[in-house]
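These are my notes from going through the model at the bench computer. I wrote the entries in the order in which I looked things up.

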Amino acid sequence: MKTLGLIGGTSWHSTIEYYRGINERVGEEIGRQANPPLILHSIYIEVMRGQDLEKINATYLEVAQKLEQAGAEAIVICANTPHMAYDNVQPKIGIPFLHIADATGKEAERLGLKKLGLLGNRPTMTGSFISGFLKSNYHMEVLIPEAENIGKAHKFVSEELTQGAFTPLAREFFTGQMELLRARGAEGIILGCTELPILLKEDDIDMPLLATTHLHVQMAVEFILSD
């Protein structure tokens, strides 16, 4: 098996989902008596909350380099938003950086989806590290909520979901946003926050839900088990 480096901490709830998911899925392949080699570095969440791109880039580059020096053969960030550092980090390390939008794009392509709605926090929805990646690499259109709802979504993510609170009010809000995105032509919804698949389930709406966490975990597992 290959050794994978994990960058967690944003939030620790999402990091647990990754760590558990990777171990469980690898266990299904090699036997539950065994586990994959993983190196985990958990950063201070305020690095992301400060939204200082220069500091974010420097932090993720430093951690990625440390993981590479420690023996990691690829890097996975255990969250969506920190992928804003991808373009800065990948050219400066000698191992692959497994991109969450690549995992999402492959699944959307498999399902034949070309127009996707995107839910997450403000940086994820308004930034280009997911929507731009999908457009450039998979020729897919990405829709986000109307401006007045972006702030509401961000508040739910930052003040509730990343702190482990999953309320009926949040579920009602995000379910409503999915319906609005579908009305605008979305053929599927990207759950672009690691905690959203904890809040929302497939039976909440009758359209494809692309849970980036689960797809990213599967990409990580495939790398670990690859020759």
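**Entry 1: the start of the chain.** I looked up where Met1 sits, keeping in mind that this is a predicted model. Met1 lies in the segment before strand E1 (4–8). Is Met1 buried or exposed? I noted a relative accessible area of 52% for Met1, so this residue counts as exposed. I then checked which residues share a surface patch with Met1. Ile30 and Leu225 join Met1 in a nonpolar patch on the surface, and together the three have about 240 Å² of accessible area.

**Entry 2: cysteines.** I wanted to know how many disulfides the model has. The count is zero. Why is there no bond at Cys78? The closest cysteine sulfur to that of Cys78 belongs to Cys193 and is 14 Å away, which is too far for a bond; the cut-off for a disulfide is 2.5 Å between the sulfur atoms. I ran the search from Cys193 as well, and the closest cysteine sulfur was that of Cys78, again at 14 Å and too far for a bond. I also looked up the exposure of both residues. Cys78 has a relative accessible area of 0% and is buried. Cys193 is buried too, with a relative accessible area of 5%.

**Entry 3: a sheet.** I traced an open sheet of four strands, and I wrote down its order as E5-E4-E6-E7, with parallel pairing. Which strands are at the edges? They are strand E5 (141–143) and strand E7 (209–211), each of which pairs on one side only. For the twist, I noted that neighbouring strands of this sheet are turned by 30 degrees against each other on average, direction ignored.

**Entry 4: strand E6 and its neighbours.** I followed strand E6 (residues 188–191) next, and found that E6 and E7 pair in the parallel sense over three bridges. Within this pairing, Ile189 has Leu209 of E7 as its bridge partner. Further along, I found Ala211 of E7 opposite Leu191.

I then turned to strand E4 (residues 115–119), which runs parallel to E6 and is joined to it by four bridges. Here the bridge partner of Leu116 is Gly188 in E6.

Last, I checked which way the residues of E6 point. Gly188 and Ile190 point one way from the strand, whereas Ile189 and Leu191 point the other way. I recorded all of them as buried.

Conventions. Residues are numbered from 1 along each chain as its sequence is written. This is a predicted model: local features need pLDDT of at least 70, side-chain atom pairs count only at pLDDT 80 or more; totals for chains, interfaces and linings use all residues. Side-chain values use heavy atoms; hydrogens and water are left out. Patches are made of residues with over 30% relative accessible area and no salt bridge: like charges are joined within 9 Å, nonpolar side chains (Val, Leu, Ile, Met, Phe, Trp, Tyr) within 5 Å. Accessible areas come from the Shrake-Rupley method with a 1.4 Å probe; for residues, only the protein chains shown count as cover. A salt bridge is a side-chain nitrogen of Lys or Arg within 4 Å of a carboxyl oxygen of Asp or Glu. Helices (H or I, at least four residues) and strands (E, at least two) are DSSP runs, numbered from the N terminus. Buried means under 20% relative accessible area, exposed over 50%, partly exposed in between (1.4 Å probe, protein chains only). Two strands pair if DSSP finds at least two bridges between them. Axes are lines fitted to C-alpha atoms, for helices over the stretch in contact, and angles run from 0 to 180 degrees between N-to-C directions.
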